[in-house]
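Work through the exercises below with the model open. Try each task before reading its solution.

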Amino acid sequence: MAGRTARLVLLAGAAALASASQGDREPVYRDCVHRCEERNCSGGALRHFRSRQPIYMSLAGWTCQDDCKYECMWVTVGLYLKEGHKVPQFHGKWPFSRFLFFQEPASAMASFLNGLASLVMLCRYHTSVPASSPMYPTCVAFAWKMDYFCASTVILHSIYLCCVRTVGLQHPAVASAFRALLLLMLTAHVSYLSLVHFDYGYNLAANVAIGLVNVVWWLAWCLRNLRRLPHVRKCMVVVLLLQGLSLLELLDFPPFFWVLDAHAIWHISTIPVHVLFFSFLEDDSLYLLKESEAKFKLD
C-alpha cells in the first residue's frame, strides 16, 4: 500500500502539468486492467463473461475489456479518495456511474429531452407555419440539428440561418455561396479532429470563435430591428442565454453523485432555450409570410 500511495502522490503532483488523462496513466489502474483482462477476457472465461452479460450491453458494444476498464476505474477512484487526492479523469472523461449501457446517463437523458423538445416544436412549427413562408425550409432543416449531434454543426447552421434571414432572402446567391463555405469549414474541422488529431484546445477555440460570430451577428440584427419587430426580443434572450450557458461547457469538475457534470447541466439548461427559439422562428416566419403576401397584393 505504501508503494501505491507513493505513486499516487507523484502522479497527483504532476497532474497539473499533464495534458492527458491522469487516471489511465496510474500504474494501479493499468495493473488492474491487465490482470482483469488476463483473468476474464480469453478462453473459457470470456465465454462465461459473454453468457452472463446482459443482451442490451452486448448490443451496445460493451466488451470484456470495456468492463475491465470500468471496474478498474472505480478501484482507482477509491484509492485516490482514500488517500485524499482529487478524482482523476480516465481516457479524457470523468468517472460516471453506468446505468444500463449508458456511460453518461444524465447527458444521455438530457440529450433525449432536447431531441424530444425539438420534435415537439418542429410539429408545432409545421402546424402553424405554411410551407410557403420564405424561411420555412431553412428553419425545418435547423430543427433536425438542434439536438447535440455536434456543437460545431449547430452553431454553423445557426450562422447560416442568420445569413439567410439577414442577407439571403434578398440575395439567394450569397446565401448559397456562404452555405458552401460553411460546409467546407465543417468538413475540414471534423476531418482534422477525426483523422489527424483530436485536439481539445483547438476544438474549444474553434467553437468559441464561431460562437462569437453567431452571437454578434444575431444580436446586431436584433438590435437593428427591435423597435420594428417586437418578436426579436425572443431571439435576443435566446442568444444571450446560450452565450451565458455555454460557460458551463468551460467548467471542469467531477460529476455530482457520479452522474451530473457540467455538460449534462448545459444540456438540461438549453431545453427551454430551444423552445423559446422555436417560438421566435415561428413568429418570424409568419411575419415574413404576411409581408410577402402584402407585397404580392401590391404588385
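**Exercise 1.** Which element gives the largest share of the lining of the second largest pocket, and how many residues does that share hold?

*Solution.* The model is a predicted one.
- Step 1: list the lining. Tyr29, Trp62, Asp66, Lys69, Tyr70, Met73, Phe90, His91, Lys93, Trp94, Pro95 and Gln103 line the second largest pocket.
- Step 2: find the helix limits. α5 covers residues 64–82.
- Step 3: read off the result. α5 supplies the largest share of this lining, with four residues.

**Exercise 2.** Describe the second largest pocket by volume and by the character of its lining.

*Solution.*
- Step 1: take the volume. The second largest pocket holds about 260 Å³ of space.
- Step 2: sort the lining residues. Seven are nonpolar, two are polar and three are charged.
- Step 3: assign some examples. Asp66, Lys69 and Lys93 of the lining count as charged, because Asp and Lys belong to that class.

**Exercise 3.** Compare the length of α5 with the expected span, then find its buried residues and what follows the helix.

*Solution.*
- Step 1: count. α5 has 19 residues.
- Step 2: compare. From first to last C-alpha, α5 reaches 27 Å, close to the 27 Å expected at 1.5 Å a residue.
- Step 3: check burial, which requires under 20% relative accessible area. Cys64, Asp67, Cys68, Tyr70, Cys72, Met73, Thr76, Val77, Leu79 and Tyr80 of α5 are buried.
- Step 4: cross-check with the pocket. Tyr70 and Met73 are buried in α5, and Tyr70 and Met73 also appear in the lining of the second largest pocket.
- Step 5: look past the helix. Gly84 follows α5 and has a positive phi, near 80°.

**Exercise 4.** Are Phe257 and Trp258 buried, partly exposed or exposed?

*Solution.*
- Step 1: place the residues. Phe257 sits in the loop between α11 (232–245) and α12 (262–298). Trp258 is also in the loop between α11 and α12.
- Step 2: read the backbone. Phe257 is not a glycine, yet its phi is positive, near 55°. For Trp258, likewise not a glycine, phi is positive and near 60°.
- Step 3: apply the cut-offs. Phe257 has a relative accessible area of 77%, so Phe257 is exposed. Trp258 has 24%, so Trp258 is partly exposed.

**Exercise 5.** Test two annotated transmembrane spans against the model.

*Solution.*
- Step 1: consult the record. An unreviewed UniProt entry lists residues 180–198, 204–223, 235–258 and 264–281 as "transmembrane region".
- Step 2: check residues 204–223. They are 100% helix and 0% strand, with end C-alpha atoms 28 Å apart.
- Step 3: check residues 264–281. They are 100% helix and 0% strand, and their end C-alpha atoms lie 26 Å apart.

Definitions and conventions:
Residues numbered from 1 in each chain as written. Predicted model: local features only at pLDDT ≥ 70, side-chain atom pairs only at ≥ 80, totals over all residues. Heavy atoms only, no water. UniProt positions renumbered as here; feature names shortened; annotations may be inferred. Helix = DSSP H or I, 4+ residues; strand = E, 2+ residues; numbered from the N terminus. Expected span 1.5 Å × (residues − 1). Buried < 20%, exposed > 50% of the residue type's maximum accessible area, 1.4 Å probe, protein only. 1 Å grid on protein atoms, 1.4 Å probe; cavity = no way out; pocket = protein on both sides within 12 Å on 5 of 7 lines; lining within 4 Å. Points joined across faces, edges and corners; volume = space filled by probe spheres on them.
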